[in-house]
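Subject: The structure I promised you

Hi,

Here is the structure we talked about, for you to open next to this email. Have a look around first, and then read on for what turned up in it.

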Amino acid sequence: MFVALFGLYSLVHVYSSFICMFRYDYHDLLQSSTFCLVPRGRRLGSFRFLETLETNCIPVSLSNGYALPLAEKIDWSRAVISVDERLVLQLAQIVQSIPASKILAMRQQLQFLWNAYFASIDKVILSVLEIIHDRVLQHQSRDYYAWNLPPGALIADSLYSPYLPALPFYSGLGLGSLVEEFTAVIVAYSVVTKASAPLFNLIREIGKCRGLVKILVLWMCDTMPPKPPQWPVISVPTDVEVLEGKDKVVWSRFNVAHKVHTDAILMLDEDTLLLQDEVEFAFSVWLNNPDRIVGFPARSHFWDSNKSRWGYTSKWTNDYSMVLTAAAFVHRYYCHLYVTHLPAAIHNLVDKTSNCDDIAMNFLIAHVTKKAPIKVTQKKQYWDTSAQESTQRMVRWMNPGHFSQRQTCINMFSNMFGYMPLMRSQFRYDPVLFKDPVAMLKKKYRRLELL
């Protein structure tokens, strides 16, 4: 299987170089076509098939008995028109009878299959290895949906869970429903000396939330954490659990998936300032969008044409492309992907700068879903400014290299991914009747009106 795919992939570029000697640009011709004829070559197969995939031209296969690549897992009927060689004179009638809606769906499926399994030699090799994996370990094999729906089987890691609804991007298939529970993970960098510390205030407020089952405090401070009697009493079934960060790397917040048993994780920094209503509303939004980051503080990227590079901005504008994980809901699976699937070069850069872990997570999720994050509520200030001297946030933000580091990260990440995956959005979720001139008793999230 692999030898055949490798040969086809190599022949594509040889033939393309040859065809460019003629008057018409071959690739431009393919890209401007809706259907591309793929007859048999010297053998049953033809390198023209991969050419049509690359250019998103719907292949019309004329090769009786030809087994299409990875046909064991990929449903090619959703992207390819297979015609009996004896019906070649009826080709025009066959393609003309296909409705525009089906043509659009087929081209979208072609683009997905190319990007997921055939866009590089690495992906071809990995796809073949994953099929072998599914043959050998049948109890971990991915099903039809994992291979034929975005983002594809190379992203759907069966080691995390062979149960498809456990993955955020397949929750809408009707195969299962999300449990309305979440875990809060709070990163603490600062020494806690009094009961009114921002960390304790945050725990008290989050502890009131419906759906909360656990609070994990990732203790990143060099001193010992407070003793159990000093922690606030909350109403969730379990107490506050303190995890002392052994490595104390900035992305440790994403390395706690093994300690979390809920799909939803509320990521927080110690000095985040949120109300119960804000958290509960954001969680309700996330339950309908579990494949995306749903949170509060937003940032954006832009192309700086003067410097020919990407820029990073925290200015309050009408659009955004990132939601900071200092106050956001993410699916537990993305923490697994962050630790296991991100290139080592990204981990090394984050460790070196002690920065940009949130940007890397936004890159990862945008790359997987091809969607923008979701911002909720209109509040601008999400940090507890009453005790800034006791937190590390201002220490980091006052560092003159903080924003330049983040701009460098964005450019290096885009190079590592091979493109810019971040998507811009101007969309914001607000509760029903928010700011409407109706009685407050009719509004579910009343405290949001006071922000």
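In which helix does His-347 lie? The answer is helix α11. Before you go further, please keep in mind that this is a predicted model.

Since you now have His-347 on screen, stay there for a moment. His-347 counts as buried because its relative accessibility is 10%, and the cut-off for buried is under 20%. Leaving out residues up to four places away in sequence, His-347 touches Trp-251, Tyr-338, Val-339 and Leu-342. Remember Tyr-338, as that residue comes back below.

**The overall picture**

The protein has 451 residues, and 52% of them are buried. Its secondary structure comes to 14 helices and 14 strands. If you take the contacts with a separation of 6 or more, 73% of them are between residues 24 or more positions apart.

**The cores**

Here is a bit of background: in soluble globular proteins, nonpolar side chains tend to be buried together. In this model, the largest nonpolar core has 57 residues, and Tyr-338 and Phe-413 are the ones with the most contacts inside it. Helix α12 gives the most to this core, with eight residues. There is also a second, separate core of 42 residues, which includes Ile-206, Leu-212, Phe-296 and Trp-383.

Try clicking on Phe-413 and showing its neighbours. Not counting residues up to four places away in sequence, Phe-413 touches Ile-346, Leu-349, Val-350, Cys-356, Ile-359, Ala-360 and Phe-363. One name in that list, Cys-356, leads to the next topic.

**The disulfides**

How many disulfides does the structure hold? It holds two. Counting bonded cysteines along the chain, they follow the pattern 1-2, 3-4.

One disulfide joins Cys-356 to Cys-409, with 2.1 Å from S to S. This link is right-handed, with 85 degrees about the S-S bond. The pair connects distant parts of the chain: Cys-356 is in the loop between α11 (344-353) and α12 (357-369), while Cys-409 is in helix α14 (residues 402-417), 53 residues apart. Both Cys-356 and Cys-409 are buried.

The other disulfide joins Cys-36 to Cys-57, and here the S to S distance is 2.0 Å. The link of Cys-36 and Cys-57 is right-handed too, with 110 degrees about the S-S bond. Cys-36 lies in strand β1 (residues 35-39) and Cys-57 in the loop between α3 (48-54) and β2 (58-62), so this bond ties together parts that are 21 residues apart in sequence. Cys-36 and Cys-57 are both buried.

Two further cysteines are worth a click. Cys-209 counts as buried because its relative accessibility is 6%. Cys-335 is buried as well, with a relative accessible area of 0%.

**The strands**

You will meet β1 and β2 again here. They belong to an open sheet of three strands in the order β1-β2-β3, with parallel pairing. Which strands sit at the edges? The edge strands are β1 and β3 (81-82), and each pairs on one side only. Strands β2 and β3 run parallel and are joined by two bridges. To find the spot, look for Val-60, which stands opposite Ile-81 in β3. Helix α5 (residues 100-118) lies across β1, β2 and β3, and runs at about 90 degrees to β2.

Now move along to β5 (residues 212-219). Is this strand mostly covered or mostly uncovered? Strand β5 is mostly covered, with seven of its eight residues buried. Strand β4 (residues 182-188) pairs with β5 in the parallel sense over seven bridges, and Ala-184 stands opposite Ile-215 in β5. Together with helix α8 (residues 198-206), β4 and β5 make a right-handed β-α-β unit. Strand β5 also pairs with strand β6 (residues 241-244), again in the parallel sense, over four bridges. There, Val-217 has Val-242 in β6 as its bridge partner.

If you want a place to begin your own tour, start at His-347 in helix α11, step across to Tyr-338, which His-347 touches, and you will be in the largest nonpolar core.

Enjoy exploring!

Methods:
Residues numbered from 1 in each chain as written. Predicted model: local features only at pLDDT ≥ 70, side-chain atom pairs only at ≥ 80, totals over all residues. Heavy atoms only, no water. Disulfide = S-S within 2.5 Å. Buried < 20%, exposed > 50% of the residue type's maximum accessible area, 1.4 Å probe, protein only. Core = buried A, V, L, I, M, F, W, Y, C linked by side-chain atoms within 4.5 Å. Contact = heavy atoms within 4.5 Å. Pairing = 2+ DSSP bridges. Right-handed = clockwise from strand over helix to strand, strands pointing away. Axes fitted to C-alpha atoms, helices over the stretch in contact; angles between N-to-C directions.
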